[in-house]
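Let's take a walk through this one together, starting with a single residue and working outwards. Keep the sequence and the 3D view open side by side as you read.

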Amino acid sequence: MLMMNEKIKAREVELTGINGEDLGIVSRDEALALAKSHKADLVCTSLFSSPPPCKLVSRGQAKQEAVKEKKGQQAPSGPMKVKEFRLSVHIEEHDYDTKLSQMHKLLAAGKAVQPVIRIQGKEGVAARKLLERLVQDLAEVGKKETGIQVSGKQATVKLLPN
């Protein structure tokens, strides 16, 4: 929360000028008069000390900085989107290269990918080897978030961008 001008209730403030010069401890009214004469805003930088440190900032700039700071603090909305790629253990080399390049592009663009291999019968070991090869081929743009998970009918690994 930004405390500015008349909203500052302290009787005295520790004032810093527009160019960063230390103006010492002055009354709130004197600081407001200085701000008005310099066509500036009086901005309180911390409410946790007494007297509160305040600075003169050219008019309108403090609000712009507050808006920028607020935008910077907002976390990206929701969890990261994960693109799932379905493969089989008996994938042809050309198809493997195609899927690899698609995953490479997505990881380079900052998106997560999750290759999933369908397993039938005793293909678990082959599926694990295929995923290890994928992880190794994508090592320059992505790192694995989870280990390789082989369960029942599928094997999967989640890759995040570097």
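**A walk through the chain**

Lys39 is exposed, with a relative accessible area of 63%. Before going on, bear in mind that this is a predicted model. You'll find Lys39 in the loop between α1 (28–37) and β4. What makes its backbone worth a look is phi: the value is positive, about 50°, although Lys39 is not a glycine. For background, most residues other than glycine have a negative phi.

Asn5 belongs in the same conversation. Its phi is positive too, at about 45°, and Asn5 is not a glycine either. This residue sits in the loop between β1 (3–4) and β2 (12–16). Is Asn5 buried or exposed? With a relative accessibility of 16%, Asn5 counts as buried, because the cut-off for that label is under 20%. Lys39, at 63%, is exposed.

While we're on backbone oddities, go to the loop between β4 (40–44) and β5 (53–58), where Pro51 is placed. The peptide bond joining Ser50 and Pro51 is cis, with omega at about -5°. As a rule, most peptide bonds are trans.

Now step back over the chain as a whole. It has four helices and eleven strands. How does its radius of gyration sit against that of a compact globule of 162 residues? The globule would come out near 15 Å, but this chain has 29 Å. The extents of the C-alpha trace along the principal axes are about 85 × 25 × 20 Å. Of the 162 residues, 31% count as buried. The exposed surface adds up to about 11,000 Å², and carbon and sulfur atoms supply 51% of that area. On the charge side, there are 27 positive and 20 negative side chains, and the centres of these two sets are 7 Å apart. As for contacts, take the ones between residues at least 6 apart in sequence: 54% of them join residues at least 24 apart.

Next, the inside. The largest nonpolar core is made of 21 residues, and the ones with the most contacts inside it are Ile117, Leu131, Leu134 and Leu138. Which elements give two or more residues to this core? They are β6 (82–88), α3 (93–108), β7 (112–118) and α4 (124–137). Of these, α4 gives the most, with five residues. Apart from this core lies another one, of 13 residues, including Ile8, Leu15, Val26 and Leu56.

Leu138 is a handy place to stand in the 21-residue core. Leaving out residues up to four places away in sequence, Leu138 touches Leu100, Met103, His104, Leu107 and Leu159.

From there, hop over to strand β7, where Val113 is placed. Val113 is buried, with a relative accessible area of 0%. Its contacts, again not counting residues up to four places away in sequence, are Val82, Lys83, Phe85, Met103, Leu106, Leu107, Val157, Lys158 and Leu159. If you'd like a distance to check in your viewer, the C-alpha atoms of Val113 and Val135 are 11 Å apart, with the two positions 22 residues apart along the chain.

Arg118 lies in strand β7 as well, but Arg118 counts as partly exposed, at 46% relative accessibility. That label applies because 46% falls between the 20% limit for buried and the 50% limit for exposed. Leaving aside neighbours within four places in sequence, Arg118 is in contact with Arg86, Leu87, Ser88, Val89, Glu123, Lys153 and Gln154. C-alpha to C-alpha, Arg118 and Ser151 are 10.0 Å apart in space and 33 residues apart in sequence.

Gln154 also gives us a way over to helix α3, where Asp95 has its place. The C-alpha atoms of Asp95 and Gln154 are separated by 19 Å, and the two residues are 59 apart along the chain. Asp95 is partly exposed, with a relative accessible area of 39%.

To close the loop, head back to helix α1, which holds Lys36. Lys36 counts as exposed at 63% relative accessibility. Between the C-alpha atoms of Lys36 and Val67 there are 23 Å, for residues 31 apart along the chain.

Note on methods
Residues numbered from 1 in each chain as written. Predicted model: local features only at pLDDT ≥ 70, side-chain atom pairs only at ≥ 80, totals over all residues. Heavy atoms only, no water. Rg over C-alpha atoms; globule rule 2.2 N^0.38 Å. Buried < 20%, exposed > 50% of the residue type's maximum accessible area, 1.4 Å probe, protein only. Contact = heavy atoms within 4.5 Å. Areas by Shrake-Rupley, 256 points an atom, 1.4 Å probe, with all protein chains shown as cover. Lys, Arg positive; Asp, Glu negative; His and termini not counted. Charge placed at Lys NZ, Arg CZ, Asp CG, Glu CD. Core = buried A, V, L, I, M, F, W, Y, C linked by side-chain atoms within 4.5 Å.
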